[in-house]
Amino acid sequence: MEIKVLGPGCPNCRMLEEIVKKAIIELGIDAKVEKVTNIIEIMKYTMSTPGLVINGKLKHSGKPLPSLEKVKELIQQENIKG
Amino acid sequence: MLKEFAGYVTYNIINLEYGSRPADVLDFFIYDTIKIFFLLTLIIFVISVIRSYFPPEKTKQILSHKKEFIGNILAALLGIVTPFCSCSAVPLFIGFVEAGIPLGVTFSFLISSPMVNEIAVVLLFGLFGWKVTAIYIGTGLLVAIFGGLIIGKLKLEKWVEEYVYKFHNGQEYEIVRQTSKERLLYAKENTKDILKRVWLFILIAIGIGGFIHGYVPQDFLVRYAGRGNVFAVPIAVLIGVPLYSNAAGVIPIVYALMEKGLSVGTVLAFMMAVTALSLPEMIILRKVLKIPLLGVFVGIMTVTIIAVGYLFNAIL
């Protein structure tokens, strides 16, 4: 599974990255987490950061941040499909 | 009722001497803390529900067909209700430019958003009443509208980084439809999120405010920063510009200072300088704006904020 955290590097984006990493560990899933900081790359998906992309699909964007539970749910949805 | 409760705790439970300074400080602290947190929760929840109707993608869509002036007014209004993280300023800016929104209109949006700060609204309402709050929102909007109009008239497009204009991905971002339940959930999460970030600042600030209330002599500030001092406003603004992120914490303190003779215009100008102009935001905006445009932006904002300060000192 491929997960991207979109954000130019503000506290919110870093926090989302932490949440995602924690979710992966707790779910025990093998996933690659990539941090996307390039604005042009980010804007392929969304205008409002922080953004969460799982397997190429935008799953969350903007504030407030999704909770750990919500992120787990989003990851699992994709995990079942893939 | 709240007043009685604060008094009851101060004089009956903790048993402080009536009219003594520590009692004054504690009374002020308990009363303000409960009032502010109650208002904060309520108002932020309501604002969050409203915000769920205006995601940035929709705001872009609304503004993309508008001319200047009408566009500036709309942009200033939308700036208040569109939720965005300060780090989104860059992608939003690029998205707006790509959608053909004029530079001045984009600036009206970028100015009003931090200018009319929801936490400031709550604190002003709780501490000063609805009149000062309405004035704050009104002037914030005016500064945003005129700041944007001036930047638009100056034709400063050449000072926007070139790559912004080359950017075309033609991507239409999807506007996620939410159910009422999702909106309420979003509002709840957002309220929790904001409270979590600001509660300590506010508590400390109310504490300092209480201390000033009890211990600083009544005419202390009148001598230095009262109405009579013509430099009070620019000095307050110059102090306010480098301060940031403590918008929540600063207001209870200036409230107490106001009791000691700081005038409303000076306070408003100081607050606007704190919330609307900040170094971190300038660093973020530097990614899309060249230094001269950034300078013009800061210059216009500083001058307008100082003007607002003088205006209020003159009429109130």
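Begin by selecting chain A of this predicted model and colouring its residues by burial: of the 82 residues in this chain, 41% count as buried. With chain A still selected, switch to a cartoon view, where 3 helices and 4 strands can be picked out, and trace the chain along its sequence to follow the pattern β-α-β-α-β-β-α. If you then display contacts within chain A between residues at least 6 apart in sequence, 65% of them join residues at least 24 apart.

For the overall dimensions, reduce chain A to its C-alpha atoms, which fill a box of roughly 30 × 20 × 20 Å along the principal axes. The radius of gyration of chain A is 11 Å, which agrees with a compact globule, because a globule of 82 residues would be expected to have a value near 12 Å.

Next, bring chain B into view and select the contacts between the two chains, where 18 residues of chain A meet 22 residues of chain B. On the side of chain A that touches chain B, the elements giving two or more residues are helix H1 (11–27) and helix H2 (39–42) of chain A, and H2(A) gives the most, with 3 residues. Coloured by residue class, this side of chain A divides into 10 nonpolar, 6 polar and 2 charged residues.

Finally, move to the largest nonpolar core, which has 103 residues, and select those touching the most other members, among them B:Val254, B:Phe270 and B:Ala273. Helix H2 (residues 21–51) of chain B gives the most to this core, with 10 residues. Centring on B:Ala273, and leaving aside residues up to four places away in sequence, you will find that B:Ala273 touches B:Val237, B:Gly240, B:Val241 and B:Ile305.

Note on methods:
Residues are numbered from 1 along each chain as its sequence is written. Chains are lettered from A and ligands numbered from 1 in the order in which they are written. This is a predicted model: local features need pLDDT of at least 70, side-chain atom pairs count only at pLDDT 80 or more; totals for chains, interfaces and linings use all residues. A nonpolar core is a set of buried Ala, Val, Leu, Ile, Met, Phe, Trp, Tyr and Cys residues joined through C-beta atoms within 7 Å. A residue is buried if 20 or more other C-beta atoms lie within 10 Å of its own, exposed if 12 or fewer, and partly exposed in between; C-beta atoms are placed from the backbone. Two residues are in contact if their C-beta atoms, placed from the backbone, lie within 7 Å. Ala, Val, Leu, Ile, Met, Phe, Trp, Tyr, Cys and Pro count as nonpolar, Asp, Glu, Lys and Arg as charged, and the others, Gly among them, as polar. The radius of gyration is taken over C-alpha atoms; the globule rule is 2.2 Å times the number of residues to the power 0.38.
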